[in-house]
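Thank you for sending the structure for comment. The points below are set out in order, from the chain as a whole to single residues.

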Amino acid sequence: MKLVFATHNPNKFKEVKLLLPQHIELLSLTDIGCTEDIPETADTIEGNAVLKVEHVRNRYNLDCFADDTGLEVSALNGDPGVYSARYAGEGKRANDNIDKLLKNLSGVEDRSARFKTAIAMTINLESVMFLGVCDGTITKSRRGDKGFGYDPVFLPDGHNQTFAEMRLEQKGKIGHRGKALQQLIAYLTKS
Ligand code: ITT
């Protein structure tokens with residue numbers, strides 16, 4: 001079975017490829033010749049996941065899924081949330097986003113947060129959505145050099161390593177993306 005993963009983020013692709021059963025041949029946007037930016041203009045992560053998937057479905061007519069992920073911090077009323085990618089501003093990098101987050105949380109006691117992933121999939125003309133959540137806290141400084149994005153400052157509940165200190169397999173097992181993906185795999189297995 002061939003399935004396109006509509007992401008321009010190579011780290012997400014790597015994480016997902018590791019978790020999917022081998023009989024699913026995962027195609028990247030590069031594999032299908034999609035180099036254009038896909039607009040993410042919705043005001044929810046679910047909405048953005050749908051925009052990405054529909055872009056590929058409409059232009060390339062292929063079975064496809066997309067992941068949109070946000071980091072929701074309690075003390076910041078759920079920010080950066082759907083704006084996680086551009087928290088420090090358009091064109092800024094992950095490091096700038098983390099700097100802004102740590103600055104906004106400086107002196108704040110409640111550091112609880114959660115990652116939320118929405119995976120939208122369109123397959124055989126059906127559209128489905130899977131959600132995965134991982135609760136944790138924001139550390140006071142960066143720890144670890146694995147992973148990507150906010151991983152160096154996210155400590156999942158019940159663990160003493162940040163996502164950036166864990167092996168990818170471990171992050172996949174307990175993380176937001178892995179949880180959403182398990183549902184996608186179950187869906188594909190029974191359909
Ligand atoms: P695509 O839209 O092309 O899939 P993206 O990196 O723009 O890639 P998102 O919009 O879903 O993906 O990501 C929102 C932000 O959250 C972005 O800054 C990511 O680096 C960060 N992010 C997403 N998943 C993450 C994860 O598992 N760990 C840490 N940060 C993550």
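**Notes on the predicted model**

1. Residues 24 or more positions apart account for 54% of the contacts in the chain with a separation of 6 or more. This figure, like every other in this note, should be read with the fact that the model is predicted.

2. The chain contains five helices and seven strands. Followed along the sequence, their pattern is β-α-β-α-β-β-α-β-β-β-α-α. The radius of gyration is 16 Å, close to the 16 Å that the globule rule gives for 191 residues, so the chain is as compact as a globular protein of that length. Along its principal axes, the C-alpha trace spans about 50 × 30 × 25 Å. Of the 191 residues in the chain, 36% are buried.

3. The interior deserves a separate comment. The largest nonpolar core has 24 residues, and those with the most contacts inside it are Ala6, Ala49, Val53, Phe65, Ile119 and Ala120. At least two residues of this core are supplied by each of β1 (2-5), α2 (45-60), β3, β5 (112-123) and α5 (176-190). Its largest share, five residues, comes from α2. Apart from this core lies another, of 15 residues, with Tyr150, Phe154, Phe163 and Met166 among them.

4. Val53 may serve as an example from the largest nonpolar core, where it is listed among the residues with the most contacts. Leaving aside neighbours within four places in sequence, Val53 is in contact with Ala6, Cys64, Phe65, Ala66, Ala120, Met121 and Thr122. Ala6, Phe65 and Ala120 also appear in the list of residues with the most contacts inside that core.

5. Phe154 belongs to the other core, of 15 residues. Phe154 lies in strand β7, which covers residues 154-156. Is Phe154 buried or exposed? Phe154 counts as buried because 27 C-beta neighbours lie inside 10 Å, and the cut-off for a buried residue is 20 or more. Not counting residues up to four places away in sequence, Phe154 touches Ala113, Phe115, Gly136, Ile138, Thr162 and Phe163. Phe163 is also named in the core of 15 residues. The C-alpha atoms of Phe154 and Pro10 are separated by 20 Å, and these two residues are 144 residues apart along the chain.

6. Asp68 requires attention on account of its annotations. In an unreviewed entry, UniProt lists Asp68 under "binding site". The UniProt annotation "active site", also from an unreviewed entry, covers Asp68 as well. Asp68 lies in strand β3, which covers residues 64-73. Asp68 counts as buried because it has 25 C-beta neighbours inside 10 Å. Leaving aside neighbours within four places in sequence, Asp68 is in contact with Glu40, Ile45, Asn48, Ala49, Lys52 and Ala118. One of these, Ala49, is also listed among the residues with the most contacts inside the largest nonpolar core.

7. The last point concerns the ligand. Which residues come nearest to the ligand? Of the 19 residues around it, these are Thr7, Asn9, Thr69, Ser84 and Gly149. By class, the shell around the ligand has five nonpolar, eight polar and six charged residues. At least two residues of the shell come from each of β3 and α3 (94-104), and β3 gives the largest share, three residues. Strand β3 also supplies at least two residues of the largest nonpolar core, and Asp68 lies in this strand.

Technical notes
Residues are numbered from 1 along each chain as its sequence is written. This is a predicted model: local features need pLDDT of at least 70, side-chain atom pairs count only at pLDDT 80 or more; totals for chains, interfaces and linings use all residues. UniProt positions are given in the numbering used here, feature names are shortened, and annotations may be inferred rather than shown by experiment. Helices (H or I, at least four residues) and strands (E, at least two) are DSSP runs, numbered from the N terminus. A residue is buried if 20 or more other C-beta atoms lie within 10 Å of its own, exposed if 12 or fewer, and partly exposed in between; C-beta atoms are placed from the backbone. Two residues are in contact if their C-beta atoms, placed from the backbone, lie within 7 Å. A residue is near a molecule or strand if its C-beta atom, placed from the backbone, lies within 6 Å of it. Ala, Val, Leu, Ile, Met, Phe, Trp, Tyr, Cys and Pro count as nonpolar, Asp, Glu, Lys and Arg as charged, and the others, Gly among them, as polar. The radius of gyration is taken over C-alpha atoms; the globule rule is 2.2 Å times the number of residues to the power 0.38. A nonpolar core is a set of buried Ala, Val, Leu, Ile, Met, Phe, Trp, Tyr and Cys residues joined through C-beta atoms within 7 Å.
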